[in-house]
Protein chains: 12
Amino acid sequence: MAVARITEIIGSSPKSWDDAVKNALERANKTLRGLTGIEVTKMNAAVGKGGKITEYRAHIRITFILEG
Amino acid sequence: MAVARITEIIGSSPKSWDDAVKNALERANKTLRGLTGIEVTKMNAAVGKGGKITEYRAHIRITFILEG
Amino acid sequence: MAVARITEIIGSSPKSWDDAVKNALERANKTLRGLTGIEVTKMNAAVGKGGKITEYRAHIRITFILEG
Amino acid sequence: MAVARITEIIGSSPKSWDDAVKNALERANKTLRGLTGIEVTKMNAAVGKGGKITEYRAHIRITFILEG
Amino acid sequence: MAVARITEIIGSSPKSWDDAVKNALERANKTLRGLTGIEVTKMNAAVGKGGKITEYRAHIRITFILEG
Amino acid sequence: MAVARITEIIGSSPKSWDDAVKNALERANKTLRGLTGIEVTKMNAAVGKGGKITEYRAHIRITFILEG
Amino acid sequence: MAVARITEIIGSSPKSWDDAVKNALERANKTLRGLTGIEVTKMNAAVGKGGKITEYRAHIRITFILEG
Amino acid sequence: MAVARITEIIGSSPKSWDDAVKNALERANKTLRGLTGIEVTKMNAAVGKGGKITEYRAHIRITFILEG
Amino acid sequence: MAVARITEIIGSSPKSWDDAVKNALERANKTLRGLTGIEVTKMNAAVGKGGKITEYRAHIRITFILEG
Amino acid sequence: MAVARITEIIGSSPKSWDDAVKNALERANKTLRGLTGIEVTKMNAAVGKGGKITEYRAHIRITFILEG
Amino acid sequence: MAVARITEIIGSSPKSWDDAVKNALERANKTLRGLTGIEVTKMNAAVGKGGKITEYRAHIRITFILEG
Amino acid sequence: MAVARITEIIGSSPKSWDDAVKNALERANKTLRGLTGIEVTKMNAAVGKGGKITEYRAHIRITFILEG
């Protein structure tokens, strides 16, 4: 039977949390194969001198199938 | 005094978590009356062969007033 | 060394959770200085008579540097 | 063997949390049979303009036996 | 898109926790359709006068698709 | 839109937890305006030499609207 | 320096959770000395055939000083 | 009214988690009377040089009635 | 001193959760050395059209010694 | 009866977590009176380019008595 | 197979949390045999009139083997 | 935007938890680049026959930037 692994990564974006998730997923695709799902476990952000969000950060847990 | 109930449902959408929440709420309105609030308790997603999100899923807890 | 404080506020918006976070942050900037980051800890919403979300609410924890 | 179900409801009362629990339980008896136990999972309250509690709210999980 | 619901039930068995899960699932099939998954959230047991387990109990969360 | 803040205080009473909550709320009204709700997050107590409760303590989270 | 121990007991009462806590504490005083504090960690109850609470149960963690 | 105590023990077995629970319960019966229930709170295991489980371990919380 | 790492994997089996754990461990042995222990953190399952479990899934955290 | 408040601050230090706690406490004494206790809720650290800890950070919850 | 028990104690020290753990462990050795491990579950402290820590407190869970 | 990964390791030391954290970090530097922060998530220890701590163990979550 298939065995999967879960790894946790943090994506970031100057635009939104949705975009931060996409950036994380895009990076994960460079080194991992067999991705089947993600879960967002934390949404935080850095706030700059002007009091606005400068970097959205999304923590995601990624599940991917381990080959053979 | 009013008594309310909480039930947990999972909405899905090919577009976004916000849309998944809306779909869940729309479905809930078909069978439940007296909805007063929701809370998002989990945001996950299925990832397809191409490494992109194919289905956003939002778990929500819905509160609604029990009649009479 | 710098010492920071964390406070919890709830922002609201008729449009979205992202907007609720922004409203909370905007209000925080009126009374706090030295904001460095936020974390979203809860996303809930009020649902109106028509069964639609009438107010999005985002609970955020704000970190800010305590001066001297 | 018996199978039971757990459902979560919120009772309210202008008097106390104990009374809120009783109101919740009373309402549950109208639609459910075979109740065997409850657990209080949250005690909160609405506060009115005068700064006093206007409505006590108790979240309870109710266990009841599913018939045949 | 499909919307699913999660409900929590407790199965019991004089034999084992695995059997308690099966009994819970069997009962759920009598009233629910579209079951897609379960999660075991608690394993406890009643112990009799002789100091042995007399009833295994498994709490499970069941996910099922809400039709149309 | 309105923005609210949550603060945590501990009330005490020689009589009961209900009374400890009331004392906490009464004190909060002296310095805060716009209170809308509370949640009890912890109930503990000091026990004296005679083995009886000498001070009931209730931890509550208070929500209040931030003006302007 | 003093060293304390924490133990968990469950008190019950046909009247109320407050009474269940008192019964638990009274019993603890029979076998333990040096009690300094308690915390209520769970409030549940058995419900009888008539749909009313027949036994209130309070789980408490008791702290007591270990002698010499 | 009866007062119960909860204690936590860890059973082990070379065969299975079910067996580890049984071993823990058997040992508890040697020193405790009035056992009424258990809950499994953790299932872990030691893995040997060959990469196989050499010892299953089950953490259980045992409830027993305190006499007189 | 030895340093260990913890990784999380998900094993599956058509037979049982015990078997799902074994499959996960077997797969881990193909790529990891120095395994010393595991902990089961989640037990869920897929349910098929017939309302029966078609795939048992066990989430386990594996500890292994990092060489040199 | 006395009412206390809990606030959360983050202390930092280039030397140790113990020192980070002390720095946080020292800063708190500048603006708060009636401090009675603290609890460490998180210990994290920033790591610099050389792979060493450059700033220890301790999150603490401070309890202080609210005057009259 | 060996069966172990877990008990929770609180050590204190005027010097440090490390010392509070040692004091707790030293006391435990007076009445318990077969200790195999500990886990620190809480670090708090009493703060005196001068705004300094007067007593460090460490909550620890102690595991020890139950003899025959 | 940068994407980071979080991995969990356990460091040990015969001297202290601070030293266990340092050992874990030192080992991590051998195989990982771009470390930016750590968080201590668990502090436990092995206790030897003499009833003293023989090995301090610190679980840490390490964040490091994923290159290109």
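How far apart are the nearest C-alpha atoms of chain G and chain J? They sit 16 Å apart, and the two chains do not touch. Chain E and chain K give a similar story: no contact joins them, and their closest C-alpha atoms lie 16 Å apart. Before I go on, please keep in mind that this is a predicted model.

Okay, so let's go to a pair of chains that do meet, chain C and chain A. Here 12 residues of chain C are in contact with 14 residues of chain A. Together the two chains bury about 920 Å², with 62% of that on carbon and sulfur atoms. How many salt bridges are there between chain C and chain A? The count is zero. What the rule does find across this interface is four residue pairs in polar contact, both residues at pLDDT 80 or more.

Now stay on the chain C side. Two elements each give two or more residues to the part that touches chain A: helix H1 (17-31) and strand E2 (35-47) of chain C. The largest share is from E2(C), with seven residues. If you sort the residues on that side by type, you get six nonpolar, three polar and three charged.

E2(C) also has a partner over in chain A. Strand E2 of chain A, residues 35-47, is joined to E2(C) by four bridges, and the two strands run antiparallel. If you want a spot to click on, try Met43(A), which stands opposite Val40(C) in E2(C).

Right, back to salt bridges, this time over the whole assembly. Over all chains the count comes to 36. As a reminder, side chains of opposite charge can pair when their charged atoms come close. Let me walk you through three of them.

First up is Arg61(K) with Glu8(H), where the closest N and O atoms are 3.0 Å apart. Why does this pair join two chains? Because Arg61(K) lies in strand E3 (residues 53-66) of chain K, while Glu8(H) lies in strand E1 (residues 3-13) of chain H. As for how much surface they show, Arg61(K) is partly exposed at 24% relative accessibility. Glu8(H) comes in at 13%, so that one counts as buried.

Next, Glu67(I) and Arg33(I), with their closest N and O atoms 3.9 Å apart. This pair links distant parts of chain I, 34 residues apart. Glu67(I) is in the segment after strand E3 (53-66), and Arg33(I) is in the loop between helix H1 (17-31) and strand E2 (35-47). Arg33(I) has 63% relative accessibility, so we call it exposed.

The last one is in chain L: Glu55(L) forms a salt bridge with Arg57(L), and their closest N and O atoms are 2.8 Å apart. Arg57(L) is partly exposed, with a relative accessible area of 31%.

One more stop, in chain E. Is Ser13(E) buried or exposed? Its relative accessible area is 0%, so Ser13(E) is buried. Ser13(E) is found in strand E1 (residues 3-13) of chain E. Now look at what its side chain sits beside. A polar atom of the Ser13(E) side chain lies 2.8 Å from the backbone nitrogen of Lys15(E). The backbone nitrogen of Ser16(E) also lies 3.4 Å from a polar atom of that Ser13(E) side chain.

That's my tour, thanks everyone.

Definitions and conventions
Residues numbered from 1 in each chain as written. Chains lettered and ligands numbered in written order. Predicted model: local features only at pLDDT ≥ 70, side-chain atom pairs only at ≥ 80, totals over all residues. Heavy atoms only, no water. Salt bridge = Lys/Arg side-chain N within 4 Å of Asp/Glu carboxyl O. Buried < 20%, exposed > 50% of the residue type's maximum accessible area, 1.4 Å probe, protein only. Contact = heavy atoms within 4.5 Å. Buried area = accessible area lost by both parts, 1.4 Å probe. Polar contact = N/O pair within 3.5 Å; in protein donor to acceptor, adjacent residues only side chain to side chain. Nonpolar A, V, L, I, M, F, W, Y, C, P; charged D, E, K, R; others polar. Pairing = 2+ DSSP bridges.
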